[in-house]
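Q: Could you take a close look at the nonpolar core of this structure and walk me through how it is put together?

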Amino acid sequence: MLDIDHWPALVSPVLVVALSGWVDAGAAGSGAIDALRDRLIDTDGDEFGRIDLADAMDLQQTRPVARWATPDERVIDWPEISLLAGSIGRDVVLVSGPEPSLRWSEVSGLVVEVAQRLGVVEDRKSTRLNSSH
């Protein structure tokens with residue numbers, strides 16, 4: 001479920017979590033994280049991993065997206081939570097994507113694992129993430 005390309009080197013990062021769906025409060029969380037993501041991309045933001053949600057989603061509610069990558073290649077984008085790191089005045093880790101339908105404790109545990117591995121010292125979230133880890 002957790003797929004890490006590489007672990008970024010960060011100093012005392014803050015973690016920002018916003019998941020779209022019922023808990024998104026009128027798109028306030030996803031809108032805020034989109035603005036932060038735009039700033040990070042402008043300053044060489046680093047998408048370092050993802051949490052695959054294929055087994056944590058009700059695929060009748062959140063469907064994968066089929067698209068043409070090239071005129072000859074069709075791909076399916078499965079639901080996932082993206083992990084992006086960078087610096088916008090201080091180091092930050094953005095966690096964003098659709099709210100899982102199932103396996104909340106496992107998904108939130110993975111977010112906590114990422115935060116601990118990166119040495120997160122502060123967090124901000126638009127939804128409550130609890131974990132027994």
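A: In this predicted model, the largest nonpolar core holds 20 residues, and those that touch the most other members are L15, F48, L53, I81, V93 and V95. Two or more residues come from each of strand 2 (14-20), strand 3 (46-52), strand 6 (80-87), strand 7 (91-98) and helix 2 (104-118), with helix 2 giving the largest share, 6 residues. As a general background, nonpolar side chains tend to be buried together in soluble globular proteins.

V95, which is found in strand 7, shows how such a residue sits among its neighbours. V95 has a relative accessible area of 1%, and because buried means under 20%, V95 counts as buried. Leaving aside residues up to four places away in sequence, V95 touches L15, V16, V17, A18, I33, I81, S82, L83 and V111. Its C-alpha lies 6.7 Å from that of L84, although V95 and L84 are 11 residues apart in sequence. With the same kind of sequence neighbours left out, L53 touches P79, E80, I81, P98, P100 and V107. There is also a second, separate core of 8 residues, including I33, L40, L84 and L94.

F48, at 0% relative accessibility, is buried, and F48 also belongs to the 1 aromatic pair that the structure holds. Its partner is W7, and the two ring centres are 6.2 Å apart with the planes at 40°, so the pair is tilted. The pair links distant parts of the chain, since W7 lies in the loop between strand 1 (2-4) and strand 2 while F48 lies in strand 3, 41 residues apart. W7, at 29% relative accessibility, is partly exposed.

Conventions:
Residues numbered from 1 in each chain as written. Predicted model: local features only at pLDDT ≥ 70, side-chain atom pairs only at ≥ 80, totals over all residues. Heavy atoms only, no water. Core = buried A, V, L, I, M, F, W, Y, C linked by side-chain atoms within 4.5 Å. Buried < 20%, exposed > 50% of the residue type's maximum accessible area, 1.4 Å probe, protein only. Helix = DSSP H or I, 4+ residues; strand = E, 2+ residues; numbered from the N terminus. Contact = heavy atoms within 4.5 Å. Phe/Tyr/Trp six-rings, centres within 6.5 Å; stacked < 30°, edge-to-face > 60°.
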